[in-house]
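I opened my notebook today to look up a few things in a protein structure. Here is what I wrote down, entry by entry.

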Amino acid sequence: MTQNIYQRLGLKRVINACGKMTILGVSSVAPEVMQATAQAAAAFVEIDRLVDRSGELVSRYTGAEASYITSCASAGIAIAVAAAITRGDPARVAMMPDSTGMANEVVMLRGHNVDYGAPITSAIRLGGGRVVEVGSSNLSARWQLESAVTPRTAALLYVKSHHCVQKGMLSIADFVAVARQHELPLIVDAAAEEDLHAWVASGADMVIYSGAKAFNAPTSGFITGTARWIDACKAQHEGIARAMKIGKENMVGLVYALENYHQGQTVVTAGQLQPTAEAISAIRGLAADIEQDEAGRAIWRIRIRVEASVLGLDAREVETQLRGGEIAIYARRYNLHQGVFSLDPRTVAEGEMALIVARLKEIAEHAAN
């Protein structure tokens, strides 16, 4: 079998059944997008004009007044927070991330204070923000959000992610209402979301997406929203955003990836996954069914329950063996403590699901001997 570029560098082949994960390179980029990226890398351009033009093109897909391309969604959080604190004032921009003496508090739900591979609080602090948590980890109330707003508040932050607590949290409508009441910007972290319109349409001022996750772009992100606040984001290019700048080639790659995405993406249905689930359930000690994404997105995965008393291995041991094989197979492992792991088909290439089933059979047969 032909080796891929990473195998030629001496690294393992990876089958990604985990999803659009940063630790595995996020997503695979379409050849036509990479062709545009290569052409952009080989030519010169006036960067400031490219920043403006690429933002205009992104806004056509989001319906926002303006947009600003970033190096990634995490950088987008830091830049949006800095924009809220400095409001684009050059003297304040130059001081970031030292926001001493400024209104710098960022109010968010405790159930939204997550780690997505790094603490979201790190990105907020990079932008000069100080986190103020609202509510409990499993329950929050509108009055708690309202009472947390003070003259020191710079912005409200709402996080939409499968990492977040899903029950007992306030809605985006609550955040919009409180932000409007106090004339504060509302930032939405929608890094892995697939809907380009809903969060802007909700009334948020700065919505942050990853380009490389749902949209299969080269490493990139973008902030989209109201012109006033996007201008304040662009102002950070003379401050903290300088250390987070994105190359011309990836700006172009993002624009072309969004065009591809707008033309329609192939969605794997629950019915298409059923035969694979049945094949896995036929393996001694394993039982598979279909589950929907925990954050309610139209994403379906194969959930595998390990019957440790039958197999002789628990879910953690099976998942470890999947990763440790000649081909490193990465499954979605958030619920290993419940004896369960999942397979996300979105990042599995043609023919690779059969290799996963074969490897599971091999692990089960070896455990029986």
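**Entry 1: the seven-stranded sheet.** Before I start on sheets, I note that two strands pair if DSSP finds at least two bridges between them. I also remind myself that this is a predicted model. With that settled, I looked up an open sheet of seven strands, and its order reads 2-8-7-6-5-3-4, with mixed pairing. Which strands are the edge strands here? I found strand 2 (66–70) and strand 4 (130–134), each of which pairs on one side only. From one strand to the next, the twist averages 25 degrees.

I then picked out one pair from this sheet. Strand 3 and strand 5 pair in the parallel sense, over three bridges. In that pairing, I saw Glu-105 standing opposite Thr-153 in strand 5.

Next I checked a helix that goes with this sheet. Helix 10 (residues 227–235) lies across strand 2, strand 7 (206–210) and strand 8 (221–225). Its direction runs at about 25 degrees to strand 2.

**Entry 2: helix 8 and what follows.** Which residues of helix 8 (residues 172–181) are buried? My list has Ile-172, Asp-174, Phe-175, Val-176, Val-178 and Ala-179. I then asked what these buried residues pack against. I noted three strands by name, strand 3 (105–109), strand 5 (153–159) and strand 6 (186–189), together with helix 7 (142–148) and helix 9 (198–201).

Helix 8 is followed by Glu-183, which lies in the loop between helix 8 and strand 6. Glu-183 is not a glycine, yet I read a positive phi of about 55 degrees for it. Is Glu-183 buried or exposed? Its relative accessible area is 68%, so Glu-183 is exposed, the cut-off being over 50%.

**Entry 3: two more backbone spots.** I wrote myself a reminder that most residues other than glycine have a negative phi, and most peptide bonds are trans. Arg-87 goes on my list, with a positive phi near 55 degrees in a residue other than glycine. I found Arg-87 in the loop between helix 4 (73–86) and helix 5. Arg-87 has a relative accessible area of 42%, so I put it down as partly exposed.

My other spot is a peptide bond. The bond from Met-96 to Pro-97 is cis, with omega near 10 degrees. Pro-97 sits in the loop between helix 5 (90–95) and strand 3.

**Entry 4: the three-stranded sheet.** I moved on to an open sheet of three strands, with the order 9-10-12 and antiparallel pairing. Strand 9 (286–292) and strand 12 (340–343) are at the edges with a single partner strand each, so one side of each has no neighbour in the sheet. Ignoring direction, neighbouring strands of this sheet are turned by 30 degrees against each other on average.

How many bridges hold the strand pairs? I noted seven between strand 9 and strand 10 (residues 300–306), in the antiparallel sense. Strand 10 and strand 12 also run antiparallel, joined by four bridges. For partners across the sheet, I jotted down Ile-290 opposite Ile-302 in strand 10. Ala-287 has Arg-305 of strand 10 as its bridge partner. Ile-304 stands opposite Phe-341 in strand 12.

**Entry 5: two helices on that sheet.** Helix 15 lies across strand 9, strand 10 and strand 12, running at about 155 degrees to strand 12. Helix 12 packs on the sheet as well, touching strand 9, strand 10 and strand 12. The direction of helix 12 makes about 165 degrees with that of strand 9.

How do the two helices sit against each other? Helix 12 (residues 270–281) and helix 15 (residues 352–368) pack at an angle of about 10 degrees, with their axes 10 Å apart. Angles under 35 degrees count as roughly parallel, so helix 12 and helix 15 are roughly parallel to each other. Their crossing is right-handed. Thr-276, Ala-279 and Ile-280 of helix 12 make the contact with Met-353, Val-357 and Leu-360 of helix 15. By class, I have five nonpolar residues, one polar and no charged ones in this contact.

**Entry 6: one last residue.** I ended on Gln-274, found in helix 12. Its relative accessible area of 33% makes Gln-274 partly exposed. Gln-274 and Asn-260 are 14 residues apart in sequence, and their C-alpha atoms are 28 Å apart in space.

Note on methods: Residues are numbered from 1 along each chain as its sequence is written. This is a predicted model: local features need pLDDT of at least 70, side-chain atom pairs count only at pLDDT 80 or more; totals for chains, interfaces and linings use all residues. Side-chain values use heavy atoms; hydrogens and water are left out. Buried means under 20% relative accessible area, exposed over 50%, partly exposed in between (1.4 Å probe, protein chains only). Axes are lines fitted to C-alpha atoms, for helices over the stretch in contact, and angles run from 0 to 180 degrees between N-to-C directions. Angles under 35 degrees count as roughly parallel, over 145 as roughly antiparallel, 65 to 115 as roughly perpendicular and the rest as oblique. A crossing is left-handed if the near helix is turned anticlockwise from the far one by less than a right angle, and right-handed if clockwise. Contact means heavy atoms within 4.5 Å. Ala, Val, Leu, Ile, Met, Phe, Trp, Tyr, Cys and Pro count as nonpolar, Asp, Glu, Lys and Arg as charged, and the others, Gly among them, as polar.
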